[in-house]
Amino acid sequence: MTEQTRKSFHAEIDEINDLIVQLAARAGDAVARATDALLRYDLVEAQKIIDDDEHIDVTAIEVEEKCQSLLALQQPMAGDLRQILAAMWITAELERTGGLACNICKGARRMFPAELPPRLRGLIAEMSEEAIRLIRLSVDSYSERDAGLASALDDIDDRLDSLHRTFVRNLLEVSRAKDVDVQPSVQLALIARYYERIGDHAVNVSDRVRYMVSGVMPWRGKISRHATREQPVLEDLPSLSTDVSPDGGDGAG
Amino acid sequence: MTSLIVGALLAAGGAAAGIALDRARLRRWLRSLSPAHEAGSGPRRSVRGLVEAAQKRRDQAEEQRLSAETGARRLESSLDGLQAGLVLCDAGGRLVTHNAAADIFLQARHGEALVSRVIKDLLERARAGERVTTTVVLHTEPRRSYEVEARPVERHGETLGAVALVRDMTEHQRIESVRRDFVANVSHELKTPIGALSLLADSLAGDPEPEVAARLAGRMQVEIQRVDNTIDDLLTLAMLEDDSSRGDERVAIDAVVAAAIDRISETAEQRDIKVIVSDHAEIEPLRGSRLHLESAVFNLLDNAVKFSETGGRVDVGVEVVDRTLRLSVADEGIGIPAAERSRIFERFYRVDRARSRNTGGTGLGLSIVRHVALNHGGDVSVTSQEGYGAQFTISLPIGDTD
């Protein structure tokens, strides 16, 4: 009898894992589609992506409910408990990632019909690729229960952060040269921020994976680090004098 | 009497087991004891018949099981040979089997997991008696597009389960869009100047003022030049496709580069763009057509200059790596969007049609480059970061291969 229960418990966990993999696949796909819509000025596609976000929400709720009933009916302990808690948290992160893809689409809609300067287009494509790569890696770490990969994700995310800074610097340059109007500039700044946030969510997923595998709570360290900061650090503010392009600047736009 | 026979049978059986524990041999032995035509009559034979009948039934069941097993195995391996993914579920919705090609979906961790979801959804609907087909497009790299088809498996009106087939449509769709775009683009390239000519001719026929007429005639010449260029390029391409046109001269690559730069220099100077050739060691001549190679390099230079900002620079690199000549042309222009990079070598393909009308060109330049490279046993590739420029590299094998 107990073996029966255990079996169904693990079957349920497998189902939850499958759903999370699907959720991540959907979220990654939504980010890729949103980038396409943005770069192709395709508002119809943008609307479709926003509509399709409902699938992500439905799947997320499905996972949460499965987790809830497992917690209530099986009262799992230790690793099993961590597994379910992690699944719930990770689901929330992936659901937010899907939401951010929608935000990118809305940004694309608001800045229409402004044209993007080529350099910003290139950086958006790169940020998108990098964000999707992070989502994939975080799912890999989840599926393989690979705490090592999970803890590497924070460092891997640095590249997306630096792309984000480069983007803001370039955006300031082109908007100062009046190549882009204020409204699209603001939207572009927000859009870049969304990509950067998607990376952060992937890092959060990997933090939960580390917790699931080993019980450590990486977010605790982050909070205590945050508490020691009295003021927000402004080191990230882009300095305009820095040369942006790796191969020497040629007039942008 | 009967007990005697049974005893004999048992003894003989024991002896047989002693000789060989092979069941097949035992069976053969039993059969030889009682030929088929003898069996079935008389009380003596009835016991033997019973034993034999039981044995026979077991034999038949064994044979059936074996043949079913080999049949299933044969079926399985032939399903594994299929390119399409195949998933079978029973009437209760449990997955019964799937072939090797379906593994990538059922065990997917990334984009393909979406296909697996669709497979399961469609199987569910097929079990209810529906025949459904859906296309799933994966937008993350590498982009793929799959067609999933599911239908019920029925016998004598009873649903035994459902089967789903997954076909990779990526290549099919790529070819389809190349074909569709080609037809659209070729008519655009040829009809736009003809339409313009027709309008200009109409205006001329209206007997305008002499200076207006002169301007109209000037415009007509521009459009005629455009059609003329397109036709020239089309003819060049047709010639390149004809294998016999493959040249067999000894071509010094430096001379080819120099000649191409010479042709572009005037346009480059007008826009203050510097064309710089990298230093390199002497390179042995390669076999091929000097004319074609020159036109390939010129086309790359022409593009590089066209898409550079005024005052920019174009770098020409020549180097030999592993008996392969790499001739690269790099600019610092607007670059090429990632999504377009795989398509720019298609005939008449334009990244941005509105812009290319201003920059001129026929839309055939890169197709020509590619054909020349292929004809010389090489290829052409592109790398680019949008906004930072693009680099095209022609790779050609060096030395006589005969």
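In this predicted model, residue I231(B) is found in helix α7 of chain B, which comprises residues 210–241. The environment of I231(B) is sparsely populated by the criterion applied here: because 12 C-beta neighbours lie inside 10 Å, and a residue with 12 or fewer is classed as exposed, I231(B) counts as exposed. A second reference point for I231(B) is A91(B), which is separated from it by 140 residues in sequence. The C-alpha atoms of I231(B) and A91(B) lie 62 Å apart in space.

Attention now turns to the sheet of chain B. Here 5 strands form an open sheet with mixed pairing, and their order is β7-β9-β10-β12-β11. Its edges are formed by β7 (274–277) and β11 (379–385) of chain B, each of which pairs on one side only. From one strand to the next, the twist averages 15°.

At the β11 edge of this sheet, the pairing can be followed in detail. Strand β11(B) runs antiparallel to β12 (residues 389–397) of chain B, and 7 bridges join the two. One residue pair involved is Q385(B) and G389(B): the latter, in β12(B), is the bridge partner of the former. Helix α11 of chain B, residues 365–375, packs on the sheet and touches both β11 and β12 of chain B. The direction of helix α11(B) makes about 135° with that of β11(B).

Another helix, α9 of chain B (residues 290–306), also has a place in this arrangement. Helix α9(B) lies across β7, β9 (313–321), β10 (324–331) and β12 of chain B. Relative to β10(B), helix α9(B) runs at about 25°.

Note on methods. Residues are numbered from 1 along each chain as its sequence is written. Chains are lettered from A and ligands numbered from 1 in the order in which they are written. This is a predicted model: local features need pLDDT of at least 70, side-chain atom pairs count only at pLDDT 80 or more; totals for chains, interfaces and linings use all residues. Two strands pair if DSSP finds at least two bridges between them. Helices (H or I, at least four residues) and strands (E, at least two) are DSSP runs, numbered from the N terminus. Axes are lines fitted to C-alpha atoms, for helices over the stretch in contact, and angles run from 0 to 180 degrees between N-to-C directions. Two residues are in contact if their C-beta atoms, placed from the backbone, lie within 7 Å. A residue is buried if 20 or more other C-beta atoms lie within 10 Å of its own, exposed if 12 or fewer, and partly exposed in between; C-beta atoms are placed from the backbone.
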